[in-house]
Amino acid sequence: MLLKLKEDLKQSVQAAYDVTMDDNAIILSPTKKEFNGDYTFVVFPLVKTLKNNPQVIAETIGNEMVKSSELVDGFNVVKGFLNLSLTSIFWDALLNDVSKSDFGIQSPNGKKMMVEFSSPNTNKPLHLGHIRNILLGWSISQIAEANGYEAIKTQIINDRGIAVCKSMISWQKFGKGETPQSTGIKGDHFVGKYYVQFEKAFQEEYKDWQKGEGQNVYTENRKEAEGAEAFFKRYKNQYFNEFSKIGKETKAMLIKWESGDEETVALWEKMNNWVYEGFEKTYQALGVSFDSINYESETYLLGKATVEKGLKEGLFYKKDDGSVWVDLEDAGMDHKIILRSDGTSVYMTQDLGTAQMRYEKFGIDSMIYTVADEQDYHFKVLFEILKRLGEPYADQLHHLSYGMVDLTTGKMKSREGTVVDADDLVVDVFEAAKKSSTERGGLEGMEEKEKDKIYNKIGLAALKYFIIKINPRKRMTFDPNESVDMQGTTGPYIQNAYVRIQSVLRKVKQSGFNEVPFKGEITYNNLDKEILVMMESYPSVIAEALEKYDPSVVANYCYTLAKSFHRYYHDNVILDTENPKVSSYRINLATSLGKLLAKGMKLLGIEMPDYM
RNA sequence: GGCCCCGUAGCUCAGCUGGAUAGAGCAACUGACUUCUAAUCAGUAGGUCCCAGGUUCGAAUCCUGGCGGGGUCACCA
């Protein structure tokens, strides 16, 4: 309906000035509350071409519109702002638009967009950082689908390497044959426990060494005025590689794994499967799933052929030691290694190969990598190299970069055990929702099982919304108390708007009220108009969210819509059998608004309860 | 040090590709539930939009230079 208004505006300009406006130059925005009118047209951009003062132009166009458009019945001009007042024809039609069952659903555009997110290591359980990643990735995939794309959700699991071997060695040494089944510990936590135990054992070994042999190494290798503590902190990796007994065992295991040693591979598979079972439970609890999973054990050799190809084409160069590099200085970057001197892959090699594999396998048109912002440079380089290789999808790659999650007590560090566990968090928010709901008593008389489902929806809404409402680019501080807030700008606040609507609709049904036609017979007040305008903007909101790769756009939209509804609900009686026309209209509005809220929140991975 | 990101109310954050008097929530204070769910609503108070220049009818927004915070510059991932 807004299109029609724009068209009328365009024609009015044509009629008054004989100038054809470019469609996307016609910017109509909702009029600010402080002024009279419904939509505002800013005439400043026209001043130059029309060579007249803004006041005159605005009045001329305004007059023309009142005369020729059935949608406009008045206007006022403040400086260069033309505020148009619209007729009920417009509002009737707008309500009609937003009430359609397919409103806000884009028809498929035939394009495939792959979204990579989560991508954990198999040596420890998922934590708060993964949750931000997962929510962003999941949400952007939903938003892509809402915009007509076919989204393919994927993750690449880091299931190999030295870290994974640490857990394996540790379990061999200290596990005494324990399993997740025998201990009742969730698989990923179980393996994580041994990873932690490895670190502990290693630290003890390191400490002992520092008192003996390490002393000589310290005096020989320390920097000027470097204390023992600082030195040994810096030297840790080197110790692991050169002196550590447990380190040697771990490296030996990695080599055995790479050579395909049966026993090692069997242990590796057994332990990874424990982890996958655990991950699966966490994903289920968070309500996310994947369409395709890559394992590094299967992709880490990819990309070597590409390096060869690039070498032949002169895109890369080989150093004397045999390592392969790419020179990106002309693009403002530096030289980057893409193959080690011993011919083994680095991360970049694998990423090049995996991108090509995904393109070939799925025929994707574009890809989004959901990875924390510490890897900004890596992806800049990756995309540049793919571009130079002439990959057809190279300009359709995007890094959905997000800031790290800090705690109120400081940074999360797995080494220091300050991470917030994902599973714990899900339990915490459930409990908080339960407590809150019980205090309010809105679910009394319901079966426990049903109640639990609702607590879960509310708790997850609080947690998810708390994280997803923040612009991904920004580093965020996770305050556990605020994450379970249920008032104000929160998930439960939005759910509550929806629940109130469902409650009214139940009442309507019970009362046996029959809806009657109302078009052309009701007057729209300011809040009616505000809400309709907002609802109308939904398609452009989800388009913007995808364009900016930013789900928080949708989160903020849902909040504003819920807020308006809460006020509407407070100020207006929706079911009023004395006024069937107005009631019919309001029921219509509330129904559509409820659906829209649910639709928007679904894009964030948040479900709506019918009661709360 | 080079490059990238961030800086808006006491706190957490919005502010769309430049538009009218910069907005929410939390925290504080005041009111509103025998009426469709008060997880709500209405109100009070709270601002050098980090600083300084520049671009123009108009700058929180764009440009330049600073300041502060974070990240990154490995034959790690």
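Here are a few exercises with worked solutions on the structure above, which is a predicted model.

**Exercise 1. Find how many disulfides the structure holds, and decide whether C165 and C558 are buried or exposed.**

Step 1. Recall what to look for: a disulfide is a covalent bond between the sulfur atoms of two cysteines.

Step 2. Count them: the structure holds zero disulfides.

Step 3. Turn to C165, whose relative accessible area is 3%. Buried means under 20%, so C165 is buried.

Step 4. C558 has a relative accessible area of 1%, so this cysteine is buried too.

**Exercise 2. Work out how the rings of F44 and F81 are arranged, and where in the chain the two residues lie.**

Step 1. Start with the whole picture: a search of the entire structure turns up 42 aromatic pairs.

Step 2. Now the geometry of one of them. The ring centres of F44 and F81 are 6.0 Å apart, and their planes meet at 80 degrees. Planes over 60 degrees apart count as edge-to-face, so that is the name for this pair.

Step 3. Place the residues: F44 belongs to helix α2 (residues 44-50) and F81 to strand β4 (residues 81-86). With these positions 37 residues apart, the pair links distant parts of the chain.

Step 4. Check the accessibility. F44 has a relative accessible area of 41% and is partly exposed; F81, at 34%, is also partly exposed.

**Exercise 3. Describe the aromatic pair of F430 and Y455, and decide whether its residues are buried or exposed.**

Step 1. The centres are 5.8 Å apart with 75 degrees between the planes, and the pair is edge-to-face.

Step 2. F430 sits in helix α18 (residues 422-440), while Y455 sits in helix α19 (residues 448-468). The two are 25 residues apart, and their pair links distant parts of the chain.

Step 3. Both F430 and Y455 are buried.

**Exercise 4. Find which rings lie under the charged ends of K319 and R506.**

Step 1. For K319, look at W325: the charged end is over this ring, 3.8 Å from the ring centre.

Step 2. For R506, the ring is that of Y611, and the charged end lies 3.8 Å from its centre.

**Exercise 5. Give the domains of chain A and the separation of the centres of domain 2 and domain 3.**

Step 1. The domain assignment gives domain 1 (2-86), domain 2 (161-294) and domain 3 (305-344).

Step 2. Taken over C-alpha atoms, the centres of domain 2 and domain 3 are 31 Å apart.

Terms used:
Residues numbered from 1 in each chain as written. Chains lettered and ligands numbered in written order. Predicted model: local features only at pLDDT ≥ 70, side-chain atom pairs only at ≥ 80, totals over all residues. Heavy atoms only, no water. Disulfide = S-S within 2.5 Å. Buried < 20%, exposed > 50% of the residue type's maximum accessible area, 1.4 Å probe, protein only. Phe/Tyr/Trp six-rings, centres within 6.5 Å; stacked < 30°, edge-to-face > 60°. Helix = DSSP H or I, 4+ residues; strand = E, 2+ residues; numbered from the N terminus. Lys NZ or Arg CZ within 6 Å of the ring centre and 35° of its normal. Domains from an automatic or database assignment.
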